[in-house]
Amino acid sequence: MIYKHLKKAFKETDKLFLLLCLFLSAVGTVMVSSATHRTADGALLSRDAKVMVLALVLGVAACLVISFIDYDLILKLWPVIAAGSLFLMLLLIPFGEAPSGREDARSWLRITSSLYLQPSEILKIGFIITFSKHLSLLKNDLSSVKNVFFLCVHAMIPIALVVYTGDMGSALIFMLMFVGMMFIAGVHWAYFPLGIAAVAAALPLVWYKVFDNIQRNRILALIDPQSYPNEIYQQQQAGNAIREGGFFGTGLFKGAYTQSGSVPESANDMIFSVICEETGLIGAFVVLLLFALLAIRIIYVGKRANNYAASMICYGVMFMIIAQVAINIGMCLKLLPVIGITLPFISAGGSSVVSLYLAVGLVLSVYRSSGTISYDNDYRFDRIARQI
């Protein structure tokens with residue numbers, strides 16, 4: 001009997017999607033091990049790598065549990081999920097801490113003397129669930145001014161909370177998730193240029209009243225690096241490591257910049273420089289290809305779903321992952337300022353790994369609970385797909 005249940009469960013699991021995630025995590029564990037090898041004191045794995053492995057085990061376990069829960073039940077629990085994720089964020093107001101090197105961001109809760117939780121990572125999952133539910137409730141009149149206004153208010157709550165704690169990187173991720181989900185859901189196109197105009201008009205206020213000196217200097221450093229040597233140093237060193245890797249790389253655990261610790265936060269924000277230095281452009285291309293395949297697979301699961309809200313969950317997860325990939329690599333290539341965004345599945349960080357696998361569990365739940373592809377829900381992605 002147990003064998004039959006396990007066989008059925010294995011058959012109903014999106015094995016390709018899960019394997020892509022696990023392979024990216026395996027790459028991440030190796031890269032983090034290399035980036036922190038000098039701190040391992042002769043051990044097989046450094047502390048950061050051990051935390052990553054532990055987070056991976058916990059994340060995968062939670063992922064599999066969630067995958068067996070019908071997404072419809074998860075959506076019905078949206079008030080509990082919203083309250084829980086918001087409560088964790090509100091705890092940052094009295095108890096938030098800024099670890100060394102991130103003095104501008106009080107975005108972590110101390111669990112133990114050396115273990116932190118980043119509530120914004122959990123909030124991302126809560127937002128995907130609650131916003132998908134919100135979109136599904138309004139799908140028949142999605143583009144009315146009133147409904148668009150309330151959707152904007154919904155998005156502004158997590159954005160305001162993460163901005164208040166100094167986590168501008170997460171604020172940008174929430175913004176991109178919000179815009180992406182609104183676009184895919186089929187909100188009238190006219191709202192998007194209006195939104196861009198509103199953001200442009202608010203930029204002076206954001207620059208002087210929201211950004212602190214550290215954040216402003218990181219942006220100015222991209223324009224005039226010679227005037228901001230301290231702020232641009234991390235990205236310059238990452239660029240040097242990327243160039244050092246060339247086409248084939250210097251070999252695992254053999255990168256001069258990585259192994260000497262010359263690139264600050266190489267296991268986190270700048271992990272892509274480790275990939276490029278030690279595995280070269282070939283390794284970087286493979287990683288980008290894996291992310292592309294992952295996004296395509298999530299789109300497939302979203303289109304396979306026969307429920308509007310379930311599809312929105314999948315697209316929300318996709319936008320979260322792709323936005324983080326684009327911003328993290330943009331930071332490493334000096335196209336964007338450093339804003340503390342990790343490379344999904346690959347950068348060190350227990351909160352990030354666990355939350356990502358919570359998102360993976362949601363996609364697996366949609367896959368397990370959905371039937372054949374249905375085009376009954378006429379939202380933008382389906383219309384684009386049919387035209388192609």
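**Why these labels?**

Me: Asp48 is listed as partly exposed, with a relative accessible area of 31%. What makes that the right label for Asp48?

Reply: Just so you know, this is a predicted model. Buried means under 20% and exposed means over 50%, with partly exposed in between. Asp48 has 31%, so it lands in the in-between class and counts as partly exposed.

Me: How do you know that Asp48 and Arg47 form a salt bridge?

Reply: The rule asks for a side-chain nitrogen of Lys or Arg within 4 Å of a carboxyl oxygen of Asp or Glu. For Asp48 and Arg47 the closest N and O atoms are 3.7 Å apart, so the pair qualifies. Arg47 is partly exposed too, at 41% relative accessibility.

Me: How many salt bridges does the structure hold?

Reply: It holds 5. Another one of them joins Lys76 and Asp72, with 3.6 Å between the closest N and O atoms. Both residues sit in helix α4, 4 residues apart, which is about one turn of the helix.

Me: Why is Lys76 called exposed, while Asp72 counts as partly exposed?

Reply: Lys76 has a relative accessible area of 56%, and exposed means over 50%, so Lys76 makes the cut. Asp72 is at 34%, which falls between the two cut-offs, so Asp72 is partly exposed.

Me: And what makes Glu121 and Lys124 a salt bridge?

Reply: Their side chains come to 3.4 Å, N to O, and the limit is 4 Å, so they count. The two lie 3 residues apart in helix α7, again about one turn.

Me: How do you know that Glu121 and Lys124 are buried?

Reply: Glu121 has 6% relative accessible area and Lys124 has 1%. Buried means under 20%, so both get that label.

Me: Why are helices α10 and α11 called oblique?

Reply: Their axes come within 9 Å and cross at roughly 125 degrees. Roughly perpendicular runs from 65 to 115 degrees and roughly antiparallel starts over 145, so this angle fits neither and the pair is oblique. Where they meet, Trp207, Tyr208 and Val210 in α10 face Gln215, Arg216, Ile219 and Leu220 in α11.

Me: One more! What makes Ser266 buried?

Reply: Ser266 shows a relative accessible area of 4%, and buried means under 20%, so it's buried. You'll find Ser266 in the loop between α13 and α14. Leaving aside neighbours within four places in sequence, Ser266 is in contact with Ala35, Ile271 and Val274.

How values were computed
Residues numbered from 1 in each chain as written. Predicted model: local features only at pLDDT ≥ 70, side-chain atom pairs only at ≥ 80, totals over all residues. Heavy atoms only, no water. Axes fitted to C-alpha atoms, helices over the stretch in contact; angles between N-to-C directions. Parallel < 35°, antiparallel > 145°, perpendicular 65-115°, else oblique. Contact = heavy atoms within 4.5 Å. Buried < 20%, exposed > 50% of the residue type's maximum accessible area, 1.4 Å probe, protein only.
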